[in-house]
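The exercises below ask the reader to work from a set of coordinates to short, checkable statements. Each task sentence is followed by a solution that goes step by step.

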Amino acid sequence: MSYRKAEEILPMELIELIQQYVDGKNIYIPRKAGKRQEWGLNTGTKQVLFVRNEQIYADYRKGMKTSQLACKYYLSEKSIQRIVRQMNEIV
């Protein structure tokens, strides 16, 4: 997330009004409900995790135990079980 100076985008009257509530603090202004983006969409994280989960599932199908997968992927056994269950529903 990049920061922008309020003076560059807001009228001075609005800045002065906001300063009555938060003077010199950083605030987050959320997107409108209809314009929110799904988690991981901009960064590609969601896709990276999906590929990782596919590999976990493939290793599981080849016979690796959840404890082995947990060590290999640095996750808890519960996380491995959840991923296997989710991937099983997709496939």
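**Exercise 1.** Which residues make a nonpolar surface patch, and what is its area?

*Solution.* The coordinates belong to a predicted model, and this should be kept in mind throughout. The nonpolar surface patch is made by Leu-14, Leu-17 and Tyr-21, and its area comes to about 330 Å². To place one of these residues in the fold, note that Leu-14 is in helix α2. Next, classify Leu-14 by its accessibility: its relative value is 33%, so Leu-14 counts as partly exposed. That value also agrees with its place in the patch, because patch residues need over 30% relative accessible area.

**Exercise 2.** Describe the largest pocket by its volume, its lining and the helices that contribute to that lining.

*Solution.* Begin with the volume: the largest pocket holds about 690 Å³ of space. Then turn to the lining, which consists of 20 residues, with Arg-4, Lys-5, Ala-6, Ile-27 and Ile-29 lying nearest the centre of the pocket. Sorting the lining residues by character gives 11 nonpolar, 4 polar and 5 charged. As for secondary structure, helix α1, residues 6-9, and helix α2, residues 12-19, each supply at least two residues of the lining. Finally, look at one of the residues nearest the centre, Ile-29, which lies in the loop between α2 and α3. With a relative accessibility of 63%, Ile-29 is above the 50% cut-off and therefore counts as exposed.

**Exercise 3.** How many salt bridges are counted, and which side chains meet in a salt bridge?

*Solution.* The count comes to 1 salt bridge. In this salt bridge the side chains of Lys-72 and Asp-59 meet, with an N to O distance of 2.9 Å. The pair links distant parts of the chain, since Lys-72 belongs to helix α4 (residues 66-73) and Asp-59 to helix α3 (residues 45-61), with their positions 13 residues apart in the numbering. The partners can then be classified one at a time. Lys-72 has 43% relative accessibility and so counts as partly exposed. Asp-59, at 5% relative accessibility, falls under the 20% cut-off and therefore counts as buried.

**Exercise 4.** What is notable about the phi angle of Tyr-74, and is Tyr-74 buried or exposed?

*Solution.* The backbone comes before the surroundings here. Phi of Tyr-74 is near 55°, which is a positive value in a residue other than glycine. Tyr-74 is found in the loop between α4 and α5, the latter helix covering residues 77-90. Its relative accessibility is 77%, so Tyr-74 counts as exposed.

**Exercise 5.** For several pairs of residues, compare the separation along the chain with the C-alpha to C-alpha distance, and describe one partner of each pair.

*Solution.* Take the pairs in turn.

1. Ala-58 and Gly-24 are 34 residues apart in sequence, and their C-alpha atoms are 52 Å apart in space. Ala-58 is placed in helix α3, and its relative accessible area of 29% is the reason why Ala-58 is classed as partly exposed.
2. Leu-49 and Leu-17 are 32 residues apart along the chain, and a distance of 43 Å separates their C-alpha atoms. Leu-49 is also placed in helix α3, where a relative accessible area of 30% makes Leu-49 partly exposed.
3. Lys-32 and Tyr-57 lie 25 residues apart in sequence and 37 Å apart in space, C-alpha to C-alpha. Lys-32 is found in the loop between α2 and α3, and at 64% relative accessibility Lys-32 counts as exposed.
4. Ile-29 and Tyr-73 are 44 residues apart in sequence, with 36 Å between them in space, C-alpha to C-alpha. The loop between α2 and α3 holds Ile-29.

Technical notes:
Residues are numbered from 1 along each chain as its sequence is written. This is a predicted model: local features need pLDDT of at least 70, side-chain atom pairs count only at pLDDT 80 or more; totals for chains, interfaces and linings use all residues. Side-chain values use heavy atoms; hydrogens and water are left out. On a 1 Å grid over the protein atoms alone, a cavity is a set of points where a 1.4 Å probe fits but cannot get out, and a pocket is an open set with protein on both sides within 12 Å along at least five of seven lines; lining residues have an atom within 4 Å of a point. Grid points are joined across faces, edges and corners, and a volume is the space filled by probe spheres set on the points. Helices (H or I, at least four residues) and strands (E, at least two) are DSSP runs, numbered from the N terminus. Ala, Val, Leu, Ile, Met, Phe, Trp, Tyr, Cys and Pro count as nonpolar, Asp, Glu, Lys and Arg as charged, and the others, Gly among them, as polar. Patches are made of residues with over 30% relative accessible area and no salt bridge: like charges are joined within 9 Å, nonpolar side chains (Val, Leu, Ile, Met, Phe, Trp, Tyr) within 5 Å. Accessible areas come from the Shrake-Rupley method with a 1.4 Å probe; for residues, only the protein chains shown count as cover. A salt bridge is a side-chain nitrogen of Lys or Arg within 4 Å of a carboxyl oxygen of Asp or Glu. Buried means under 20% relative accessible area, exposed over 50%, partly exposed in between (1.4 Å probe, protein chains only).
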